[in-house]
Amino acid sequence: MKQNFIFLDEMLPGIRWDTKYATWDNFTGKPVDGYEVNRIVGIKELGAALRKAQKLAMKQGYGLLLWDGYRPQRAVDCYLHWASLPENNLTKNRYYPNIKRNEMVTKGYVASQSSHSRGGAVDLTIFYLDTGMLVPMGGDFDFMDERSHHAASGLTEEESRNRDLLMHIMESSGFEAYCNEWWHYVLADEPYPDTYFDFCIA
């Protein structure tokens with residue numbers, strides 16, 4: 001592990017996680033290069049900010065579920081290669097029903113350099129502490145569509161309210177939102193704003 005990087009579950013007791021890219025349950029349809037274990041890594045500053053978010057969420061009856069943190073550059077390269085391949089329709093209906101595979105990049109859902117590779121970004125949602133059920137957000141993680149935008153139309157009042165709640169929790173804890181993905185947040189004050197790491201999560 002690189003210096004200043006940690007497994008976030010070691011810093012955040014009670015945190016839940018499901019590292020989608022370490023499994024077959026993601027838009028590429030298979031585990032992604034660089035994800036060798038189902039755990040989430042980030043810099044210590046990310047962990048500290050998430051601890052603030054976790055405490056704020058708990059006061060309101062919610063917990064945090066993490067889907068991704070640090071992302072090796074080789075994983076990003078894997079996404080770009082996958083997006084350039086001919087369509088096979090294996091994951092299209094679930095993740096990108098209204099765009100072509102190669103439009104993931106031009107529409108801002110996949111980038112050649114990701115804030116995740118700097119160690120200061122996280123993909124997450126919230127769940128009810130009393131039931132463990134995920135809070136309705138009006139769309140799933142990595143759904144590449146306008147419905148995932150923070151300002152999406154067609155959401156119910158509850159779904160809009162839940163997205164606003166997550167944004168309030170995260171922005172109050174030192175994060176900035178990304179307009180196209182309701183689940184994606186980046187540290188407002190990143191320690192490594194110009195560095196893209198490429199060590200494996202192992």
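This report covers the sheet, the two helices packed across it, a salt bridge and two unusual backbone angles.

The model is predicted, so local features need pLDDT of at least 70 and side-chain atom pairs count only at pLDDT 80 or more, while totals for chains, interfaces and linings use all residues. Residues are numbered from 1 along each chain as its sequence is written, and side-chain values use heavy atoms, with hydrogens and water left out.

**The sheet**

Helices (H or I, at least four residues) and strands (E, at least two) are DSSP runs, numbered from the N terminus. Five strands form an open sheet in the order S2-S4-S5-S7-S6, with mixed pairing. Two strands pair if DSSP finds at least two bridges between them. S2 (16–17) and S6 (175–178) are the edge strands, and each pairs on one side only.

At one edge, S2 runs parallel to S4 (residues 62–68), joined by two bridges. Trp-17 stands opposite Leu-66 in S4. At the other edge, S6 and S7 pair in the antiparallel sense over four bridges. A hairpin of two residues joins S6 to S7. Phe-175 stands opposite Leu-187 in S7. In a regular strand, side chains alternate between the two faces of the sheet.

**Two helices across the sheet**

H2 lies across S4, S5 (121–128), S6 and S7 (181–187), at about 145° to S4. H6 also lies across S4, S5, S6 and S7, running at about 125° to S5. Axes are lines fitted to C-alpha atoms, for helices over the stretch in contact, and angles run from 0 to 180 degrees between N-to-C directions.

How do the axes of H2 and H6 cross? The axes of H2 (residues 44–59) and H6 (residues 157–171) come within 8 Å and cross at roughly 130°. That makes H2 oblique to H6. Angles under 35 degrees count as roughly parallel, over 145 as roughly antiparallel, 65 to 115 as roughly perpendicular, and the rest as oblique.

Contact means heavy atoms within 4.5 Å. H2 contributes Leu-50, Ala-53, Leu-56 and Ala-57, while H6 contributes His-168, Ile-169 and Met-170. Six of these contact residues are nonpolar, one is polar and none is charged. Ala, Val, Leu, Ile, Met, Phe, Trp, Tyr, Cys and Pro count as nonpolar, Asp, Glu, Lys and Arg as charged, and the others, Gly among them, as polar.

**A salt bridge**

The whole structure holds 11 salt bridges (a side-chain nitrogen of Lys or Arg within 4 Å of a carboxyl oxygen of Asp or Glu). One of them joins Arg-39 and Glu-10 (3.2 Å, N to O). Arg-39 lies in the loop between S2 and S3 (41–43) and Glu-10 in H1 (residues 8–11), so the pair ties together parts 29 residues apart in sequence.

**Positive phi**

Most residues other than glycine have a negative phi. Two loop residues have a positive value:

| Residue | Phi | Loop |
|---|---|---|
| Asn-89 | near 65° | between H3 (73–84) and H4 (92–95) |
| Asp-142 | near 65° | between S5 and H6 |
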